[in-house]
Each structure stands twice: as structure tokens, then as C-alpha cells.
Amino acid sequence: MLTLRIEAESEAARTVHIDRFPARIGRQADSAVHLPGWRVARAHAEIVRIEHGFKLVDGGSLGGTWVNGERIVEYAPLDEDDEIAIAGYRMRIQSGARPTVAPKASVPPEPRELPAPGASDSSGRVVDAGTVHWRRLLHRRLLATIDLRRQDIRQLSAGQLRDEVETLLRALAQDDATFPADLDREALAREVLDEAIGLGPLEPLLRDDTVTEIMVNAPDEIFVERDGRLEPTGASFTGEDAVRATIDRIVAPLGRRIDESSPMVDARLPDGSRVNAVIPPLAVRGPAITIRRFNHRLFGPSDLVAGGSLSQAMLEFLAVCVRTRRNVVVSGGTGSGKTTLLNLLSNLIEPGQRVVTIEDAAELRLAHAHRVCLEARPVNAEGRGLVTIRDLVRNALRMRPDRIVVGECRGGEALDMLQAMNTGHDGSLTTVHANSPRDVVSRLETMVLMADVDMPVAAIREQIVAAVDVIVHQARLADGRRRVVEIVELTGLEGARVLMQPLFRFAGGRFAACDNVPQFYERLREEGEQFDLSVFRRGAA
């Protein structure tokens, strides 16, 4: 058994008895040595039993672990004369807690209680535990080296910082004789470089253009989506702190925060990829990250037709809708391709028009020279500074827009969007989460009621029918392919029921017209427009 006496200015001295090793020191409540200070990492350090006593190993925390006034990576063996300092806490081994030991010496790192490389854990996943251990060790030594050099890395640019850290890591990896001879030191240095200043094991996944979604369920459980199917990657973080550090690197440049008081956050990567992160206590198994990859290739109309997302006749009809300033709502479930189609429709807007885009996280890529892109903002650490989508929609009306494009309506902004469509801002585009075109009406009604207005449902439906011209519904099929499965036109009200007529459908493995001509085509013909109506005949498209 090991007995530690813990002292701190903010609390009374206490004694902790440790009988199981390795013993974690950290902020996490179930740590063998629980230090609740905010500067303490969840797993700040650990004490490991060795042949001649005990070894203290730093967990790679920013604040570091100090023994006798010096920052350490590993220190052994611990003695009664040694004072351990962690974020304002001072600890000493009490008399009689350990045997007499040999003089202090640097103890070579040795993998401890980890599965052998290539072994499977209890869930059947393959775990290269040895590599994870060496990554942790090299990461700790990198932090110690930077600290010893007393270099202010905050003064370096992103490129300079990467070059500096890469040089240090290569030198540390090549010069350290404690690493196994068969260890790929170049690969190890790359992995630690990604984890130290990048997004860790997510970096190679983000460079893989075949990956459409990245999901971190736990530090050692990372899945990706390719071609609509999920598959494990075999990659892993070194621990929960590494996942938290990755989340912080994502959200900090955007002015967003995530902590125990605000354990969920939405953000985006510099390339536009959408990020959601959840941390404990909400995430029971540890921090979770979901990244919806941003497609760097801007899809054109011909790409979606060639990929089977919609037919040429459907594309031509949607182009007419955009050109003639119809108000279009793109609906569908999560991951059905709504944003991709909205981006395509937005780029069909004629050049020279002023386009204002409004999004939670900026994802749309418009080719228009005359555009303004607005992005919502969450509250800051003081609970102030919130700017909602609804605020931005209201502000957009004062910006003299020709077109308003809202990335997604999910709340009270639906009312302002409908009112904009009904008051001269024709040709607006937005997306809505819904299971069918009929469900879009119900969803819009619910969202309008979320705006805290005292409006009867009948009046809301009148607003919807007057504002929305066309609903384009997308779906993600069982094989992972995304298709426009239905295009409908809203035609009016019959009592309390919203009337709509289908124009195109995907059924039986093919696209087909529904033998209905859009009602607004008649008005356009009166204005001198000429159209080929044969595309709407049953069996066409």
C-alpha cells in the first residue's frame, strides 16, 4: 500500500491510501487520487508500481507534473523527501509507505497492463496497445522538451509551429534508445504530430476523400462512413484527454466553448465540415465527435444527374423554379443530401442578383460574386452574445436581398422565413427535416408555433400555402444512395387540408412524371414563357 498526504491552500490536508496500481491522479471523480481543481486534467498523472518502489508518470497535461520544483515526464523511484506538485496541490509519500530503494534513476518506460499489439479487447476490436503506449510516451517527452526550451509557441504561425514540432518529434523518436527496434519511428512521429497540433488520428481520415462521415464513439473506437456504409477504422486516440484536446482545437478558433456547464457544441472545420461534440457527463463512454465531411468537389447539375440523384427532366424543372423565383423547400432526413441539393439550387440563381445566405455553420459554397454569408453564434462563457438564425433572417430583410437562402429552418425562424416569402422576397430557398412532403407542412406549423406567436393553425396553413411553391423531398436509400424521391407543388387549401399535387416521383427503381402540370406554369405562359409540357406526362422523366 502507498499512502499520500495531500495539501492545498483551498482545502484541509488529507491522506489517501492506494492499494491498486496503476493509480490515476486527476479531476475525474473515480481517480485513486481525486484533485477537483479546475487546472487539473481528468487524468493528470498516474503512479505505477516498479521493482524498487513506485514511478510517477505525467499524463501529458498542459499544466504538467512537478517533482521537487522540476517538471517531469517520468520520475522514479518516489521517496519520502520528494514533493509532488500538481496545479496547486502538494503531495508527499508518508513515512513507512514504501520499502528502502536504490538511488533515483531514470526508469525505461515499459508497457503496463495493456493488451499485446494486435490483441482484441472485450468487444472484439483489434487494439494495438503497444503503439498507443509509445505514442503517449513520445507526446509527454515532446511537452517536456518544449517546456525546457522555454519557447513561447504562441508567437509561431501554424506552419512554423508544425515545422518546429515535427523537427523535435523526429529527433526525439530517432534518438530514444528505449523504443523497440521494430517500431516504425517515422509513423510514430507522424501520429504524435497529428495529435499534438492537429486532430490526432482523425487527420488521415480527413485527408481521405472517400470518407463522408467520421464518428468517434470512444477514444479507442472510431468509425467512418464510405459509400453509405459504416466501417471501423482501427485508429484510436491515446485517451479521453486527447479527444478533449482535439475538440478544443476545433471549437476555440470559432469562439465557441465546451465544458461541464455546456457539454454539447456544434462547430465546423476550416474546410466547412460540420462537427458535433458531446462530452461527459452527457457522453457516458467519454467524449464523442461526429464530423460530416465537406465535399471539396462542388457538384454541378450534370454530376447529380449522372450519379442518379435525380433525372434530367427533374433538374430542368427545378432550374425553371429557381429562374422564375419560386419559393422552394428541400426536405429529407439526416444525411439525405439536403445541403448538397440546396447548394446546387443556389448556384442556379442568375448572376448579378444579391444573395444572402444564413446558416448555423457556414457550409454553402456559392459561386456568386454578389453574396453575403451570415452565420449564427452561440452564447459566450458569460452567457451573452447569442445570435440565432431567426435574428439573422430578420436582419437579412434589411440588407436588400434578391434571394434569401437559409441553410435549415428548425425553429421560430420559420415564421420570419414564411413572412419574407410572402412580402416580396420571392425565390427564397431553405431546407427542413421531414419524412415526406406532407410532413413538411406539419413541421412548418410546429416551428411557427415555436416563435411564441398567438396565431391559429388555420392562419399558419394559409401562410404556408401562400409562401411555399414547391417541395423537393430527398431520401437516403438502404444501399446508402441519395435520391430525390418526390417533387410536389402546393396548390391551395380545401377546408383545413393543404392541397398538393405530385409532379415527379422515384418509384420502382426509376424516376417518373406524375401526369400533372404545375399550376404556376399557366401564369408563366400568360407572361410569355414557353415550356415543354411533355416532361410531365406519366411515364416521362
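In this predicted model, helix 5 offers a simple check of geometry. The helix covers residues 240-251, and at 1.5 Å a residue its twelve residues should span 16 Å; the C-alpha atoms at its ends lie 17 Å apart, so the expected and computed lengths agree. Helix 5 also contributes a set of buried residues, namely Ala-242, Val-243, Arg-244, Thr-246, Ile-247, Ile-250 and Val-251.

Helix 5 belongs to a protein chain with 13 helices and 28 strands. Of the 541 residues in this chain, 50% are buried. The contacts can be viewed by sequence separation as well: among those between residues at least 6 apart in sequence, 50% join residues at least 24 apart.

A closer look at one helix pair is worthwhile. Two packed helices are described by the angle between their axes and the distance between the axes. Helix 10 (residues 413-422) packs with helix 12 (residues 457-467) at an angle of about 50 degrees, and their axes are 9 Å apart. That angle makes helix 10 oblique to helix 12. The crossing of helix 10 past helix 12 is left-handed.

The residues that make this contact come from both partners: helix 10 supplies Leu-418, Gln-419, Met-421 and Asn-422, while helix 12 supplies Gln-463, Ile-464, Ala-466 and Ala-467. By character, the residues of the contact of helix 10 with helix 12 comprise five nonpolar and three polar, with no charged residues.

Definitions and conventions
Residues are numbered from 1 along each chain as its sequence is written. This is a predicted model: local features need pLDDT of at least 70, side-chain atom pairs count only at pLDDT 80 or more; totals for chains, interfaces and linings use all residues. Side-chain values use heavy atoms; hydrogens and water are left out. Helices (H or I, at least four residues) and strands (E, at least two) are DSSP runs, numbered from the N terminus. The expected span of a helix is 1.5 Å times one less than its number of residues. Buried means under 20% relative accessible area, exposed over 50%, partly exposed in between (1.4 Å probe, protein chains only). Axes are lines fitted to C-alpha atoms, for helices over the stretch in contact, and angles run from 0 to 180 degrees between N-to-C directions. Angles under 35 degrees count as roughly parallel, over 145 as roughly antiparallel, 65 to 115 as roughly perpendicular and the rest as oblique. A crossing is left-handed if the near helix is turned anticlockwise from the far one by less than a right angle, and right-handed if clockwise. Contact means heavy atoms within 4.5 Å. Ala, Val, Leu, Ile, Met, Phe, Trp, Tyr, Cys and Pro count as nonpolar, Asp, Glu, Lys and Arg as charged, and the others, Gly among them, as polar.
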